[in-house]
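Colleague: Could you take a close look at one part of this model for me? I'd like to see it piece by piece and then in the setting of its chain.

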Amino acid sequence: MTIDPSFGYDIATGVGAVAGKEIVVQTIRSMVKYIENLEKNIENGFKIDGKQMTILCSEGLQKYSLSITPKKGIFGSPKYVEFPNGIPSRVELTQVRGLCPLQNSIERTPEGFKVDTTELDPGELYILDVEYHYEDHRLMDSLVERVIPRDVPRNLDDSIREYEMSAQLKHLDVLKQKYFNVNLRDLEFSVDVSVYQDINTKVPGIFRQQLETLVELSKKKGRAEGFKLWRRLYQLQQAEYGGDTLDILDSMHNLFTPRKFRRYIDIQKDFRYLNCTRGSDYYDDLPFPTWPKSMKIISKTDLSYDKPAAEGILIYKQADFVSEIEKMLNLENNNDQKQ
Amino acid sequence: MKAIKSLFVPSTCLQGSKLPVHIIWPKERKISVSIKYPDSFDNFEIFNGLCINSDKNIIFCDKYEENGYLGLVFKTKQNSNPKLNLEIEFTFEEAGKETEKIKKNVHFFRPDIKVTRIPSIIKAEKNGKEKFSVSEKIQVINCGEGTAILSLIENDDTELKIHEPNGIGEFVINFWSDFTTSLSRLKEKYTEYSELIDKIIKLKETLSKGIGESEVKNLKDMVNELEKILISDTTFSEDYESIIQTAYFKNLKFITELESFLIYLKSTDSERILLKNPIHVLKIQPEKKKFKGHINIIDLNYNSYPKIPIEFEISATEECELPLHKLLDLQSDKVTE
């Protein structure tokens, strides 16, 4: 393919992205500073064999894992190795042989923690895991491009609906450090899956009339009018699509709980299912719909220097969801009888 | 041997949205990439690459900050054709020789709202206690494959105004009042988000006017920013959800679950159309009055579409409040591939 040479190279990332990179570089640099401080202290009593830094995105934690062996000195090892670099949310020392966590070898201090080396075997391999909270909640946004598919072409005849997801690093080089690479784990991704049409098209007119009658009954009525409405409700409930209106409504409401709705979701490829909640229909008059027009599906993925982008498919099992509503409204039996 | 480990291009894209693309190849191989993209793409952003962009819709890239990965995000445009297939062509070269050519098709879609009939005169007749039906409805069809969110908005020179209904209207007003009061308090705890919180507080004002073109961009930016923060800051997310729930349950006396379900059904009456203000009402009298207004249209990515003018005269057998959903017949064409 030929390219007009009059066009020069362009760092085609745009001003916004370049400004974003400075923030990312600074934040990663401050995180790496922790691991450098840890190393300085570790070298007082240990030899470092390997190290890794992982950002646990959904928990807001930076995790350092170092493989270390206690040093054997002429005058013996120091009894304690101090780490006064800040209070970690979690710290664990594990002997690789037997994968045995050594609870008694770690002591918390007001400035951080210290490792008691008296019970450690010189020459043996240990793993030190240390986790700290990080405060920059916008880091992932500056580091990763997450494009959310807001809508997909749809047809009620389709049995499933697919949403394609992708997460890609904006800046790969910042994850590459001198002696180790930074990994991103459990990076969250949310997709709003539309469900409104699956309910509405299945709710029969007679069920709506039952609801309207119940709404009228719930308002203050005179005795004669109330009696008429109860009689009307009774007639409607004897009709073809009859049933206990409030029970049906309750069952439908339960469909939107995470435990129930999970059944209709499948996540494939590089993403994993995490949770689901009622969707946020910001265009609506209410930001908290009791009857959601969409469900927000949250999944997660991992990225690293060696895996800079991830792709996934969210499958919404539309036909199964519709079939569940039909069962609740007793429509399946009616359809069978008609056939 | 194939040079490329993975090439991702989504198979569908809502017109006017972002289209992400990424390519991964072995780090030890020196690959140059040419990407020929359609005219209807607006602009693009590149990650990890130093590229040449020619005026022939071709991006050429052979320099990378780190070898083995190129990420792109195209910004697409709305097209006059509501559904079309476009091709993106990737050519890979190694040591000056073409090693692979891959073509990817993307189906671009959007809603396509057509108002096929506006009756010049509408009559509302009583057909039960406090229930009215109309002689003829405004016919609206979505011929596209994307979901459209419609709102019927009045013009300044209309004789008939749109009103919030009783009951649910009271609930909405009280809900927003409690919600925004709590949000203001949240600003003290999360000073870094104070600008965003102010935008959310102003949201109700925007929504009550209906979503016009000028408001759509602000709403879209606000939603994007809020969603990013909600997913990345769990503590803020929990506090935010908590104040919504508190405001909701505090005002529950104004609305029953049954009513909310009925409103839900009325706003989602068609497969690919959502009506934003279904239970807002026109207060109609026996004398004929003129309604002048328009239908505002946005899609699920908050892209706006040209508004459609609506004008009719309406009268009723007796004074009544007619919900807007009763004036509109919303339909969607069956999607065919």
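Modeller: Sure, let's start at a turn: Tyr302(B) has a positive phi near 60 degrees, and it belongs to the hairpin of S19(B) and S20(B), with four residues between the strands. Strands here are DSSP runs of E, at least two residues long, while helices are runs of H or I with at least four, all numbered from the N terminus. By the way, this is a predicted model, where local features need pLDDT of at least 70 and side-chain atom pairs count only at pLDDT 80 or more, while totals for chains, interfaces and linings use all residues. Residues are numbered from 1 along each chain as its sequence is written, and chains are lettered from A and ligands numbered from 1 in the order in which they are written.

Back to the hairpin. S19 covers residues 289–299 of chain B, S20 covers residues 304–316 of chain B, and the two run antiparallel, joined by nine bridges. Pairing means that DSSP finds at least two bridges between the strands. Across from Ile297(B) you'll find Tyr305(B) in S20(B).

Now zoom out. Chain B holds 22 strands and five helices in total. Its C-alpha trace spans about 85 × 50 × 35 Å along the principal axes. Of the 337 residues in chain B, 38% are buried, meaning 20 or more other C-beta atoms lie within 10 Å of a residue's own (exposed is 12 or fewer, partly exposed is in between, and C-beta atoms are placed from the backbone). As for chain A, you get nine helices and 15 strands there, and 35% of its 339 residues count as buried.
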